[in-house]
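Biologist: I'd like to learn how to read a protein model. Could you walk me through one?

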Amino acid sequence: MNPTKEKRRKARIQGGWASHSVNIKSDRDKPKAAVQPAWLGKNIDLCHSEKYVYEMPTEDLHSKAKVTTIEKTGVYDISLEPSGVSRLRLFTNFIDQKECQEIHDQLLQELPWRQKTEQRNNDVYQQPRLTAWYGEHPYSYSVYKHESNTKWPILLEQLRERLEENTGMHFNSVLANLYRDGHDLIPWHSDNEEALGPSPTIASLTFGDCRIFELRKNPPADKAKAGDYSLCDIIKIPLDAGTLLIMEGATQDDWEHRIPREYHDRGPRINLTFRVIYPEERKMF
Ligand SMILES: O=C(O)CCC(=O)C(=O)O
């Protein structure tokens, strides 16, 4: 590996572990921007052992698309751009299988699942999945607005606490997605709404059937303008029941993600994405 590349690689690794421990619980009503997980949890050693550093392609950056599959627990730095490091943390079996089944069944029964309307590129359509939302502040994306809803079911509160104990992070909202079968999906998007603040950290838990979570690197501006995503790097992550996936840093700036439609049978899958939402009136960036 050439010396410049090696220097960059080391800087990324050091940056990766310079994260700080934060007790945010006392701060529940005043979330701070871009707080990094402290990894107080039992899985921290596994994370170290599976550390992965994204290798930039050597020749022309966009000469070939690269498809990578990530399946093991670990911390993955997937790109380094002027906007910063895009980092994923994957924890398989964060919740054990027996408990996952109970949680899945209870969420399926108890959450007030609704099919919402969305707008993309002037098309208004019914979302191909059901959702439910809890959070102190309203959350708007596309043409849709989730109003503030603070009556968290006990189960969601417990899951949030468990996440907070294991990550040292605080989340004040959760978007629940129900994919009823393999035809339900979420299309390419990034969670980059202003209400999420800069470099948001998003923690996603899966229950029910496995689906493939895909990330696609944003192309250079000229290609994006022409709608040419054909040579973008792709990362595929099978999300089984009990898996925790955390997206951090510049991931929402430099990558998009989706759950694609499947062409074979899939049972229901519930995904909980815990986030920090800032109040609309807060002008911080
Ligand atoms: O279902 C998933 O794993 C992804 C959900 C997602 O991308 C979102 O809610 O923004």
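Modeller: Let's go through the ligand site, a strand beside it and a pair of rings. This is a predicted model, where local features need pLDDT of at least 70, side-chain atom pairs count only at pLDDT 80 or more, and totals for chains, interfaces and linings use all residues. Residues are numbered from 1 along each chain as its sequence is written, and side-chain values use heavy atoms, with hydrogens and water left out.

Biologist: Which residues are closest to the ligand?

Modeller: A residue is near a molecule if one of its heavy atoms lies within 4 Å of it. Here 14 residues surround the ligand, and the closest are Asn177, Tyr179, His189, His257 and Arg269. By type, the shell holds six nonpolar, five polar and three charged residues. For that split, Ala, Val, Leu, Ile, Met, Phe, Trp, Tyr, Cys and Pro count as nonpolar, Asp, Glu, Lys and Arg as charged, and the others, Gly among them, as polar.

Biologist: Which element gives the largest share of that shell?

Modeller: Strands are DSSP runs (E, at least two residues), and helices are runs of H or I with at least four, numbered from the N terminus. Strand 17 gives the largest share, with four residues.

Biologist: How do I read polar contacts, and what is the distance for Tyr179?

Modeller: Look for a pair of N or O atoms within 3.5 Å; within protein, one must be able to donate a hydrogen and the other to accept it, and residues adjacent in sequence count only if both atoms are side-chain atoms. For Tyr179, a side-chain N or O atom is 2.6 Å from a ligand oxygen. His189 has a polar side-chain atom 2.9 Å from an oxygen of the ligand, and for Asp191 the distance is 3.2 Å. The ligand taken alone exposes 290 Å², and the protein buries 98% of that (Shrake-Rupley method, 1.4 Å probe).

Biologist: Why is strand 16 called largely enclosed?

Modeller: Buried means under 20% relative accessible area (1.4 Å probe, protein chains only). Four of the five residues of strand 16 are buried, so the rest of the structure largely encloses it. Two strands pair if DSSP finds at least two bridges between them. Strand 11 pairs with strand 16 in the antiparallel sense over two bridges, and Ile186 stands opposite Ile259 in strand 16.

Biologist: And how many aromatic pairs are there?

Modeller: Rings of Phe, Tyr and Trp (its six-membered ring) pair if their centres lie within 6.5 Å; planes under 30 degrees apart count as stacked, over 60 as edge-to-face and the rest as tilted. The whole structure has three such pairs. Tyr134 and Trp152 have ring centres 6.2 Å apart and planes at 45°, so their pair is tilted. Both residues, Tyr134 and Trp152, are buried.

Technical notes:
Buried means under 20% relative accessible area, exposed over 50%, partly exposed in between (1.4 Å probe, protein chains only).
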